[in-house]
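Biologist: Hi! Could you put the structure up so that we can talk through it together?
Modeller: Happy to, here it comes.

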Amino acid sequence: MARRNKSAADYRLGELLTRAGLVARARLDAALARQAQHNGKLGALLVEIGLIEEAELYAVLALQSSLHQAQAEDVILFLRARLGD
């Protein structure tokens with residue numbers, strides 16, 4: 001299977017969370033709109049409003065930091081295996 005090059009946008013927190021099935025796209029979009037108004041951190045906001053658990057946030061952030069060595073699809077599969085579908 002050929003892998004395509006990933007842009008930096010593919011590694012953004014919200015993109016990883018939606019692709020892993022942890023946050024629905026519509027809910028992410030609403031959270032991003034709220035974040036833009038309050039100028040806060042997306043992860044903290046998602047935890048605050050109950051869309052993800054703090055443990056999920058930390059797991060995704062830890063993996064996000066090493067994405068330069070991995071493909072996003074690999075990270076998504078890992079997240080689903082560790083956190084559940």
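Biologist: Which pattern does the chain follow when read along the sequence?
Modeller: Keep in mind that this is a predicted model. The chain has five helices and zero strands. Read from start to end, the pattern is therefore α-α-α-α-α.

Biologist: How many salt bridges does a search of the whole structure find?
Modeller: One joins the side chains of Glu-15 and Arg-25, at 2.9 Å from N to O. Another pairs Glu-48 with Arg-34, whose closest N and O atoms are 3.6 Å apart. A salt bridge requires these atoms within 4 Å, so both pairs qualify. For the whole structure, the search gives two.

Biologist: Which helices hold Glu-48 and Arg-34?
Modeller: These partners sit 14 residues apart in sequence, so their salt bridge ties together separate parts of the chain. Glu-48 belongs to the helix spanning residues 42-48, which is α3, and Arg-34 belongs to α2.

Biologist: Is Glu-48 buried or exposed?
Modeller: Its relative accessibility is 60%. The cut-off for exposed is over 50%, so the label follows directly. Arg-34, its partner, has 34% and is partly exposed. Glu-48, however, counts as exposed.

Biologist: What share of the contacts with a separation of 6 or more comes from residues 24 or more positions apart?
Modeller: Here we turn to the chain as a whole. Its 85 residues include 32% that are buried. Among contacts with a separation of 6 or more, residues 24 or more positions apart account for 56%.

Definitions and conventions:
Residues are numbered from 1 along each chain as its sequence is written. This is a predicted model: local features need pLDDT of at least 70, side-chain atom pairs count only at pLDDT 80 or more; totals for chains, interfaces and linings use all residues. Side-chain values use heavy atoms; hydrogens and water are left out. Helices (H or I, at least four residues) and strands (E, at least two) are DSSP runs, numbered from the N terminus. Buried means under 20% relative accessible area, exposed over 50%, partly exposed in between (1.4 Å probe, protein chains only). Contact means heavy atoms within 4.5 Å.
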